[in-house]
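Here are a few short exercises to work through with the model open in your viewer. Try each one yourself before reading the solution.

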Amino acid sequence: MDIVLSTIFFLVSLPPLFLLLIFSFLAIKVVAGKSINDPDYPPVKGSVYNQLLYLNYLYDYQAEAAKERSTYRLLALEQSGSMLIESAPSSAWDTASAFAGSL
C-alpha cells in the first residue's frame, strides 16, 4: 500500500515541478544579459510577458508607466524593446506653433 501511495504522490507532483522548472528557465533567460542596472540604457519596467497580467487594461497600465518615466524597456526572450512616450501638445495653439516652428 505504501508503494502505491508513494507512486501516486510522485506522479501527481511531477507535472507541477516540471512546469516550475520551465518557468524558472524562461525567467532566467529573459533577465540574463539585459543590462538591467546599466545607466546607459532606459530602466526596465517589466517583461513582455508581464503585459499578459494587465491584458484587460493594457492601455491604462502603459499610461501609468508613462507617467512615471517617459522612456522604459520591456524585456523579451531574445531582445528588449524600448518604449518612448512623447507628450501631446496641451492646446491647438501649441500644435500650430510647433508646426510653424518646424518649417
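**Exercise 1.** Which residue in β3 does Thr71 stand opposite?

Solution. Bear in mind that we're working with a predicted model. Start with the two strands: β2 covers residues 71-75 and β3 covers residues 80-84, and they run antiparallel. Now look across from Thr71, and you land on Leu84 in β3. Next, try Leu74: its bridge partner in β3 is Gly81. Taken together, five bridges join β2 to β3. Finally, follow the chain from β2 into β3, and you'll go round a hairpin of four residues.

**Exercise 2.** Work out the strand order of the sheet, and say why β1 and β3 each have one side without a neighbour.

Solution. Step one: lay the three strands out, and the order reads β1-β2-β3 in an open sheet. Step two: check the directions, and the pairing turns out to be mixed. Step three: β1 (44-47) and β3 stand at the edges with a single partner strand each, so one side of each has no neighbour in the sheet. To finish, the twist from one strand to the next averages 25 degrees.

**Exercise 3.** Take the span that UniProt lists as "transmembrane region" and describe its secondary structure.

Solution. First, find the span: the unreviewed UniProt entry gives residues 6-28. Then check the model there: residues 6-28 are 100% helix and 0% strand. Last, go end to end, and the C-alpha atoms at the two ends lie 32 Å apart.

Key: Residues are numbered from 1 along each chain as its sequence is written. This is a predicted model: local features need pLDDT of at least 70, side-chain atom pairs count only at pLDDT 80 or more; totals for chains, interfaces and linings use all residues. Side-chain values use heavy atoms; hydrogens and water are left out. Two strands pair if DSSP finds at least two bridges between them. UniProt positions are given in the numbering used here, feature names are shortened, and annotations may be inferred rather than shown by experiment. Axes are lines fitted to C-alpha atoms, for helices over the stretch in contact, and angles run from 0 to 180 degrees between N-to-C directions.
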